[in-house]
Amino acid sequence: MKVKVSRKAHFNAAHRLYRKDWSDDKNTQVFGKCNNPNYHGHNYELIVSVTGEIDPETGFVMDMKVLKDLIVEKVEDALDHKNLNVEVPEFKDLNPTAENISIIIWNKLRPHISETHTLEVVLYETPRNFVTYSG
Ligand SMILES: Nc1nc2c(c(=O)[nH]1)N=C([C@H](O)[C@H](O)COP(=O)(O)OP(=O)(O)OP(=O)(O)O)CN2
Ligand SMILES: [Zn+2]
């Protein structure tokens, strides 16, 4: 019997959506105000979910304290209050869209979650825009 446990987290970050290999006109045409060369910020809301069997000894799928600490160490410390384009190496040549940020977060967490469990990341870039990545 599998159960999904979830932990919410939060970080804020600045970014700019653009491609270095496109002209200014094309970047503006495709990315609009998100291509502001002075960057803009979002209050990202994150939901990390782990699904697996309940350990009969502990009653846990995964200890939420362990999951909380993992998110702080691997995600918040890496992304919170950062300029994603400038300060986060994963986005040196990768557009920091919500889709790509969710994949980076999933990749950071996956090695630290039991292989018997599945991992899902839901990332809200704004209260109305959110993406889901499950590997
Ligand atoms: N598929 C994607 N589309 C867009 C992304 C993205 O990551 N993936 N990102 C953006 C920009 O980051 C933009 O800053 C989004 O902000 P905004 O347009 O203000 O967001 P809302 O639509 O939620 O705001 P409203 O107030 O509802 O207009 C754009 N597209
Ligand atoms: Zn944005």
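This is a short walk through one predicted model, from the overall fold to one residue and then to the ligand.

I'll start with the whole protein. It has 135 residues, and its secondary structure consists of four helices and five strands. If you follow the chain from start to end, the order is β-α-β-α-β-α-α-β-β. The C-alpha trace spans about 60 × 25 × 25 Å along its principal axes. Buried residues account for 19% of the 135. On contacts, take the pairs that are at least 6 apart in sequence: 69% of those join residues at least 24 apart.

Now to a single residue, Asn43. You will find Asn43 in strand S2, which covers residues 40-53. Is Asn43 buried or exposed? Asn43 is exposed, because it has 12 C-beta neighbours inside 10 Å, and a residue with 12 or fewer is put in that class.

Which residues does Asn43 touch, once neighbours within four places in sequence are left aside? The answer is His10 and Asn12. For Asn12 there is also a distance: the C-alpha atoms of Asn43 and Asn12 lie 4.4 Å apart, while 31 residues separate the two in sequence.

Last, ligand 1. The residues around ligand 1 include Leu17, Cys34 and His40. Further along the chain, Thr97, Ala98 and Glu99 are also among them. The remaining ones are Glu125, Thr126, Arg128 and Asn129. By type, this shell divides into three nonpolar, four polar and three charged residues.

That is the end of the walk-through.

Conventions
Residues numbered from 1 in each chain as written. Chains lettered and ligands numbered in written order. Predicted model: local features only at pLDDT ≥ 70, side-chain atom pairs only at ≥ 80, totals over all residues. Helix = DSSP H or I, 4+ residues; strand = E, 2+ residues; numbered from the N terminus. Buried ≥ 20, exposed ≤ 12 C-beta atoms within 10 Å, placed from the backbone. Contact = placed C-beta atoms within 7 Å. Near = placed C-beta within 6 Å. Nonpolar A, V, L, I, M, F, W, Y, C, P; charged D, E, K, R; others polar.
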